[in-house]
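Biologist: Please take me through the terms used for this model, and give the grounds for each one.

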Amino acid sequence: MIFRRTSAIWIAIALAAPFPARAKLRLSPQQVVDLTLQKGRGARSAELAAQRSYLSVETARSVFDLNLTSAFGYEADEAETLTGFSNPKDRTTTFSALLSKKIPSGTTFSLGYDHTRQNSVLSPFTAQARNPNATMNAITFGVRQNLLRNFFGYADRLAVEIAETSVSIALETREEELERVLLDVMGLYWNAYVAQSQLRESMAARDKYEQLVKNVRRKTSFNLSTPGELPRLEAEFELAESRVKASATAYLAASDLLATAMRVDGADDIEFDIPAELPPVPQLSQKPVENLRSVRVARANLENAERGLRSIRASGLPQLDLVASARATGVDPSGDSATAEMVSGTRPTYFIGVEFSSPLDSSLYRGGLADRRVAIEQSRNAFEGALESERDALRNAERAVVSNYAIAKANASAVEKRARVVRELEISYRQGRQPLVELIRAYNELFSAQQEKARAIGDYHVSLNRLAAARDELVTSTR
């Protein structure tokens, strides 16, 4: 059933104050979901938070970046030495460049180039040994292999794996946050629906009392009413009028909150596009708690904590690297000739060796190891707690749906019965067989039952949303 109102003007009348009319807005639950995901600030915040998680992966992979290091320098040297064999004047220009790249196997390759050119005023001791102008070029290829700490790239790959798991956790968390945002907005949607329904019923009650007051005034003019009948009705009419104003204020506030959450232009006049019949309790298959998002996140956090322990243990091992290099040089007064000699490889230098370093007593390692062990216990406790809480939440959500459905049906039946009571008492009152106080009581009970029915319908729909959220079906995977 679609709940309509003739215009937004009657809300202003109900409040006895001028309100600017705004556009009519027709909303179904699916439209609320779509608008919230497309335009809502909460959904945008969840998306941006998830995007920031990719930084951790790029940071972990940065150890595999291709790096370029270069330097240029010029030195003017006219200093004396104790030996007295130094040149009176040396002008030296240097340039160096180094490319290095590490790969996931823990191997670092490097390629370096060094250029040195010197113009000198030679001393008598060196004049016969060399040319005043000399150029030396050298190219070096080097390899460094991690053998113990970061054994063949183990620690580097572990860091990337931890970062990639953190991204998966962030994406799962994003969907959990979107689910929370949608639950909040759907709660606002059904609150607005209930507020509108209660406003409509309050206005209907006011109209009933207004008509009854007119009838009793006409009877009073003919001295046919009983003592106190008219003032009692007038008092009830005043109370009904105040309830209309309060209900209108509550509805306007609820509609504004809903419009703001969806970031759409506010609407005084909303059409709630919902089914005429109350949807039955869904018959759902059993949902394994282990597959729920929050449990998957807790499990991934536990796995990352265990990886962190392995990483800190690897960092505590001694550093043992195999180092090898091949170098070709060329020296000549002419820069071109020096380069040709370097490229020819006639003056090679080869080196192979190992480098070893180890802390003899590391407080940092002991502290990190203890911290990672505590982190594992915290993550395991959180994982087990997530299993228990999600199991309870799923059961409670299923029970709430069944209970709220029964409550909504009972309230609908109560409204029908109280409406029949009112009809019968109206007939008896007009025939003079029923006192006014009984009719007023029946009116109030009917109006109260109608408002309870609206609230029960809203509660049932909210419980359906909460059940879908508990089963991770309110927001499906967006990856």
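Biologist: Is the crossing of α9 and α10 left-handed or right-handed?

Modeller: The model is a predicted one, and in it the crossing of α9 and α10 is left-handed. The term applies because the near helix is turned anticlockwise from the far one by less than a right angle.

Biologist: What makes α9 roughly antiparallel to α10?

Modeller: The axes of α9 and α10 cross at roughly 160 degrees and come within 7 Å. Angles over 145 degrees count as roughly antiparallel, so α9 is roughly antiparallel to α10. As for the residues of this contact, 27 are nonpolar, four polar and ten charged.

Biologist: Why is α7 called roughly antiparallel to α9?

Modeller: Helix α7 covers residues 293–315 and helix α9 covers residues 363–430; their axes come within 8 Å and cross at roughly 165 degrees. That angle is to be set against the cut-off of 145 degrees, and therefore α7 counts as roughly antiparallel to α9. The contact of α7 with α9 has 14 nonpolar, six polar and seven charged residues.

Biologist: What is the handedness of the crossing of α7 and α9?

Modeller: The crossing of α7 and α9 is left-handed.

Biologist: Now the strands. How do you know that β5 and β6 pair?

Modeller: Two strands pair if there are at least two bridges between them. Strand β5 (residues 107–121) and strand β6 (residues 133–146) are joined by 13 bridges, so by that rule they pair. They run antiparallel, and one of the bridges puts R117 opposite its partner T135 in β6.

Biologist: Which bridges can I look up between β6 and β8?

Modeller: Twelve bridges join β6 to strand β8 (residues 319–332), and the two strands run antiparallel. Among them, F141 has A326 in β8 as its bridge partner. Q145 is bridged to L322 of β8, and N146 to D321 of β8.

Biologist: How many bridges join β8 to β9?

Modeller: Ten bridges join β8 to β9, again with the strands antiparallel. Against a minimum of two bridges, β8 and β9 therefore count as a pair. In β9, S357 is the bridge partner of Q319.

Biologist: In what order do the strands of the open sheet lie?

Modeller: The open sheet is formed by six strands in the order β3-β4-β5-β6-β8-β9, with antiparallel pairing. Strands β3 (66–77) and β9 (348–357) are its edge strands.

Biologist: Why are β3 and β9 called edge strands?

Modeller: Each of them pairs on one side only. On average, neighbouring strands of this sheet are turned by 15 degrees against each other, direction ignored.

Biologist: What holds strands of a sheet together in general?

Modeller: Strands of a sheet pair through backbone hydrogen bonds, either parallel or antiparallel.

Biologist: Last, the second largest pocket. What lines it?

Modeller: Its lining has 13 residues, and P29, Q30, M186, N465 and L474 lie nearest the centre. A residue counts as lining if it has an atom within 4 Å of a point of the pocket. The space in this pocket is about 290 Å³.

Biologist: Which helices supply at least two residues of that lining?

Modeller: Helices α2 (29–39), α5 (154–221) and α10 (436–470) each do so. The most comes from α10, with four residues.

Biologist: How does the lining of this pocket divide by residue class?

Modeller: Nine residues of the lining are nonpolar, three are polar and one is charged.

Terms used. Residues numbered from 1 in each chain as written. Predicted model: local features only at pLDDT ≥ 70, side-chain atom pairs only at ≥ 80, totals over all residues. Heavy atoms only, no water. 1 Å grid on protein atoms, 1.4 Å probe; cavity = no way out; pocket = protein on both sides within 12 Å on 5 of 7 lines; lining within 4 Å. Points joined across faces, edges and corners; volume = space filled by probe spheres on them. Nonpolar A, V, L, I, M, F, W, Y, C, P; charged D, E, K, R; others polar. Axes fitted to C-alpha atoms, helices over the stretch in contact; angles between N-to-C directions. Parallel < 35°, antiparallel > 145°, perpendicular 65-115°, else oblique.
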